Amino acid sequence: MEIIQKIKKDTNQASDIIYKEIQIKDQKIALVYSEVLTNGNEISNNILKNITKIIDEDISIGNQLFTFFYNSIPSHNVTTLKNYSDLLNKLFNGFCIFITGNHDYFGIEIKASLDRGITTVEGEVSVRGPKDSFTENYSKNLGLIRRRIKSENLWLNTYELGKQTKTKVALLYMNNICEKKLVKSVDRKLKKINIDGILDSGYLKDYLNEESNIFPTIITTERPDLVAMSLLEGKVVILVDNSPYLLILPCFFIDLFHTPDDYYQKPINITFIRIIRICAFIISILVPAYYIAITTHNHDSITTDLLLNFLSQRQTVPFPALVEALLMTISFEILRESDMRMASTMGTAVSILGGLVLGDAAVSAGIISPIMIIVVAISAISGLVFTSIELTSAIRWWRIILMILAASLGIYGIFLGIILLISKLTSIKSLGKPYLAPFSPLIKQEQKDAIIRINQSHQTKYRNPLLTKKNRIRGRQS
């Protein structure tokens with residue numbers, strides 16, 4: 001058949017593409033499939049066994065053959081193929097292709113299981129909630145969401161992005177809750193993407209962000225319960241095939257201080273934990289800058305005894321406080337990066353070696369003062385409270401900016417840096433929504449779940465007005 005020769009030529013005689021010819025009565029049909037993308041046992045059980053029935057029964061080759069397989073294998077996706085391009089697309093998506101002598105062809109989806117299966121959450125530890133997490137399988141990820149939201153109002157728009165990878169992407173939203181303006185905005189941005197490949201959901205972030213920001217304006221998660229919560233609030237979710245991380249839009253700054261576990265525990269405990277997270281954010285950014293300011297410019301801002309203690313520890317240190325802090329910060333980031341990249345069994349050993357042995361040796365050699373190790377350690381550990389890599393990176397950059405301002409202008413430099421930080425946060429938009437909501441602009445009803453966690457039965461019955469306008473009342477169908 002000419003079509004077979006064309007496939008062989010276009011795939012350069014790929015060894016994983018299998019071609020079989022089967023004689024049925026006086027006609028031949030060809031089977032084409034990839035042995036690495038399809039399940040061999042399924043082909044034997046569901047296709048080859050059914051072909052024997054075709055030989056025994058009076059079934060003609062053509063549309064009647066498609067109808068036979070469509071009715072005989074109801075658990076599989078049996079579809080006609082529009083053209084040669086569609087044939088190749090289905091071939092590399094785990095379909096077994098049927099080609100008849102009449103140039104009719106259709107495919108039966110018999111994908112091999114190439115994913116790692118549903119496992120526990122790794123990047124975002126679930127303390128009290130569900131333990132299942134997303135995988136690299138598109139269908140399983142969608143199933144984990146539909147398992148939680150059993151509603152006909154959960155709609156999805158599908159796309160095929162990447163000229164070479166042809167990656168399947170879905171935009172999910174609650175039709176009776178989500179504002180249509182949000183859906184159209186994301187839909188328009190996804191349709192404009194024109195690149196060779198989409199290998200992970202992270203590829204889409206640059207195209208979805210309205211402007212370049214250090215702070216994250218898109219939530220990345222592998223937790224199905226967080227995705228379900230976000231959909232019910234009126235947000236949109238992007239699901240990408242071959243990626244265990246889903247994207248949630250829009251993202252507000254206060255969302256980075258919340259976790260799904262907040263809704264599985266007592267409100268009074270969660271309120272305390274949220275305050276701790278906010279304190280950790282402030283400590284992580286300000287503590288090194290404040291130490292540099294009081295030891296460089298503002299000696300009168302602390303007691304004399306404490307100041308003399310700090311200065312006595314720095315007598316043997318040959319570097320200014322700023323250089324000392326930058327050296328320690330860079331050293332910690334190197335240790336953290338090595339701990340993340342190395343195997344888990346080796347990573348812990350490296351952290352202990354770097355943190356204890358090298359730190360103690362640096363103090364003994366007079367290169368670093370003991371108080372500086374304490375300051376940088378407190379700042380770095382406070383930054384590890386957050387699971388978002390983008391937020392941790394933003395904290396790192398602003399910590400360095402405030403350190404430089406403190407070394408130049410002292411306490412006044414810190415105040416200037418805080419003003420710049422607040423100005424930056426107020427100017428950020430996520431899908432056109434203000435980043436600092438519900439504080440700027442102030443939304444009174446949302447204060448019951450911003451920092452202070454109110455009991456579920458006493459929470460406002462209205463949804464966030466920035467996310468939905470047509471179905472504001474919680475618990476209402478439409």
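**Exercise 1. Find which residue of β10 is the bridge partner of Val 236, and describe the strands that surround this pair.**

Solution. In this predicted model, the bridge partner of Val 236 in β10 is Leu 249. Residues are numbered from 1 along each chain as its sequence is written, and because the model is predicted, local features need pLDDT of at least 70 and side-chain atom pairs count only at pLDDT 80 or more, while totals for chains, interfaces and linings use all residues. Side-chain values use heavy atoms, with hydrogens and water left out.

Step one is to place the pair in its strands, where strands (E, at least two residues) and helices (H or I, at least four) are DSSP runs numbered from the N terminus. Strand β9 (residues 236-240) is joined to β10 by three bridges, and the two run antiparallel; strands count as paired if DSSP finds at least two bridges between them. β9 and β10 form a hairpin with five residues between them, and Asn 242 in the turn has a positive phi of about 70°.

Step two is to look for another partner of β10. Strand β8 (residues 219-221) is also joined to β10 by three bridges, and this pair runs antiparallel, with Thr 221 standing opposite Leu 246.

Step three concerns the side chains of β10: Leu 246 and Ile 248 point one way, Leu 247 and Leu 249 point the other way, and all are buried. Here buried means under 20% relative accessible area, exposed means over 50%, and partly exposed lies in between, with a 1.4 Å probe and protein chains only.

**Exercise 2. Work out the strand order of the open sheet of five strands, and state which strands stand at the edges.**

Solution. Strands of a sheet pair through backbone hydrogen bonds, either parallel or antiparallel. The order in this open sheet is β1-β2-β4-β5-β3, with antiparallel pairing. β1 (17-24) and β3 (78-80) stand at the edges with a single partner strand each, so one side of each has no neighbour in the sheet. Neighbouring strands are turned by 25° against each other on average, direction ignored.

The next step is to follow the edge strand β3, which three bridges join to strand β5 (residues 105-109) in an antiparallel arrangement; within this pairing, Phe 106 in β5 is the bridge partner of Thr 80. Helix α4 (residues 84-91) packs on the sheet and touches β1, β2 (27-34), β3, β4 (95-100) and β5, where contact means heavy atoms within 4.5 Å. The direction of α4 makes about 145° with that of β4.

**Exercise 3. Describe how helix α9 packs against helix α15, and say what kinds of residues meet there.**

Solution. Two packed helices are described by the angle between their axes and the distance between the axes. For α9 (residues 267-296) and α15 (residues 411-427) the angle is about 155° and the axes are 9 Å apart; the axes are lines fitted to C-alpha atoms, for helices over the stretch in contact, and angles run from 0 to 180 degrees between N-to-C directions. The two helices are therefore roughly antiparallel, since angles over 145 degrees count as roughly antiparallel, under 35 as roughly parallel, 65 to 115 as roughly perpendicular and the rest as oblique.

The residues can then be listed: Ile 285, Leu 286, Ala 289, Tyr 290 and Ala 293 in α9 meet Ile 411, Ile 414, Ile 418 and Leu 421 in α15. They divide into nine nonpolar, no polar and no charged, where Ala, Val, Leu, Ile, Met, Phe, Trp, Tyr, Cys and Pro count as nonpolar, Asp, Glu, Lys and Arg as charged, and the others, Gly among them, as polar.

**Exercise 4. State where Glu 390 and Lys 205 lie, and then find the network to which Asp 262 belongs.**

Solution. A salt bridge is a side-chain nitrogen of Lys or Arg within 4 Å of a carboxyl oxygen of Asp or Glu, and by this rule the count comes to 14. One of them joins Glu 390 and Lys 205, at 2.3 Å from N to O. Glu 390 lies in helix α14 (residues 389-409) and Lys 205 in helix α7 (residues 205-208), so the pair ties together parts 185 residues apart in sequence. Glu 390 counts as partly exposed at 28% relative accessibility, whereas Lys 205 is buried at 15%.

For the network, begin with the salt bridge between Asp 262 and Arg 274, whose closest N and O atoms are 3.2 Å apart. Both residues are buried, and salt bridges that share partners join Asp 262, Arg 274, Arg 277 and Asp 449 into one network.
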